[in-house]
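Thanks for agreeing to look at this one with me. Have the sequence and the 3D view open beside you, and we can walk through it together.

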Amino acid sequence: MSDWTSTSMPYLAPPVEGAPSDVWGAEASAQGRRGTQRIAQAGEVPAPPAVAALLGMEPGRPVVVRRRIIELDDTPCELTDTYYPADIARGTRLTGTGKIRGGAVALLAELGHVGVRVQEDVTAHMPDAEERAELHLAENEPVLHIARLTLDADGRPIQADLITMPARRQRLRYEIRIG
């Protein structure tokens, strides 16, 4: 079991005034670790079938993707591809590979798109060759896959994340408020 517990909550809401602009870096630092991320790709692409299904659109429709490699102590620990409907993200900093001060969630809020509901589906599978190489995995190591959809107050999808992480290095924690 990993000594790292992952919770989605810090990454879902825009940061409050005075909060660190790099949520991942701050979370890792609080544990005495070093958290970084690299934007490997950003820009407009045709929506892959899984993303189109999450966003409620036809496959191949334009979306904006930000592909990130998340590292903990200089070791890749997560691959995250975040997709936005093109009509929300086109022409914004979401299409570039530069870091966004306050993060993408803060930028979305500035643009008038605030998430109020999130759905996450977690599955386990054996990684493909690219995932295995990017995450430095052994041949028989499984990964966890999280498909996360963020919806606004009108129920409109504003962001879809496809997250892949080594199963042995993760413990997921979910806190759910009822009522």
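The points below go from the charged pairs to the strands and then to the surface.

1. A word on the source before we start: this is a predicted model. Please keep that in mind as you read each point, since every distance and area here is computed from the predicted model.

2. Let's begin with charge. Side chains of opposite charge can pair when their charged atoms come close. A search of the whole structure turns up 10 salt bridges. One of them joins Arg-34 and Asp-74, with 2.9 Å from N to O. Arg-34 sits in the loop between helix 1 (23–30) and strand 1 (35–46), while Asp-74 sits in the loop between strand 2 and strand 3 (75–85), so this pair ties together parts that are 40 residues apart in sequence. Both partners can be seen in part from outside: Arg-34 counts as partly exposed because its relative accessibility is 46%, and Asp-74 counts as partly exposed because its value is 48%.

3. Next, find Arg-168 and Glu-141, whose side chains form a salt bridge at 2.4 Å, N to O. Arg-168 belongs to the segment after strand 6, and Glu-141 to the loop between helix 5 (129–134) and strand 5 (143–151), so the contact ties together parts that are 27 residues apart in sequence. Is Glu-141 buried or exposed? Glu-141 is buried, because its relative accessible area is 10%, and the cut-off for buried is under 20%.

4. Now turn to Asp-161 and Arg-148, which meet in a salt bridge at 3.8 Å, N to O. This pair links distant parts of the chain, with Asp-161 in strand 6 and Arg-148 in strand 5, 13 residues apart. Both of these residues are buried. They also belong to a network of salt bridges that links Glu-120, Arg-148 and Asp-161.

5. Strand 5, the home of Arg-148, deserves a paragraph of its own. How many of its nine residues are buried? The count is nine of nine, so to speak a strand that is mostly covered. On one side you will find Val-143, His-145, Ala-147, Leu-149 and Leu-151, and on the other Leu-144, Ile-146, Arg-148 and Thr-150, all of them buried.

6. The neighbours of strand 5 are easy to trace. Strand 4 (residues 117–125) is joined to strand 5 by nine bridges, and the two run antiparallel. Within this pairing, Val-118 has Thr-150 as its bridge partner. Strand 5 and strand 6 are likewise antiparallel and joined by nine bridges, with Leu-151 standing opposite Pro-157 of strand 6. The hairpin of strand 5 and strand 6 has five residues between the strands, and there Gly-155 takes a positive phi near 80 degrees.

7. Here is a residue I would like you to examine: Arg-66, in strand 2 (residues 62–72). What is the nearest side chain of opposite charge to Arg-66? That side chain is Asp-161, 9.1 Å away, and Arg-66 is buried yet has no salt bridge. A polar atom of the Arg-66 side chain does lie 3.1 Å from the backbone oxygen of Gly-98.

8. Strand 2 also holds Glu-71. Glu-71 is buried, because its relative accessible area is 11%. Its side chain makes a polar contact of 3.2 Å with the side chain of Arg-38. The C-alpha atoms of Glu-71 and Gln-37 are separated by 5.7 Å, although these residues are 34 residues apart along the chain.

9. Compare that with Glu-131, found in helix 5. Glu-131 is buried, because its relative accessible area is 14%. Its C-alpha atom is separated by 9.5 Å from that of Glu-78, and the two are 53 residues apart along the chain.

10. Finally, look at the outside. Which residues make a nonpolar surface patch of about 310 Å²? They are Val-122, Tyr-174 and Ile-176. Tyr-174 is found in the segment after strand 6 (157–166), and counts as partly exposed because its relative accessibility is 41%.

Technical notes. Residues are numbered from 1 along each chain as its sequence is written. This is a predicted model: local features need pLDDT of at least 70, side-chain atom pairs count only at pLDDT 80 or more; totals for chains, interfaces and linings use all residues. Side-chain values use heavy atoms; hydrogens and water are left out. Patches are made of residues with over 30% relative accessible area and no salt bridge: like charges are joined within 9 Å, nonpolar side chains (Val, Leu, Ile, Met, Phe, Trp, Tyr) within 5 Å. Accessible areas come from the Shrake-Rupley method with a 1.4 Å probe; for residues, only the protein chains shown count as cover. A salt bridge is a side-chain nitrogen of Lys or Arg within 4 Å of a carboxyl oxygen of Asp or Glu. Helices (H or I, at least four residues) and strands (E, at least two) are DSSP runs, numbered from the N terminus. Buried means under 20% relative accessible area, exposed over 50%, partly exposed in between (1.4 Å probe, protein chains only). Lys and Arg count as positive and Asp and Glu as negative; His and the chain ends are not counted. A polar contact is a pair of N or O atoms within 3.5 Å; within protein, one must be able to donate a hydrogen and the other to accept it, and residues adjacent in sequence count only if both atoms are side-chain atoms. Two strands pair if DSSP finds at least two bridges between them.
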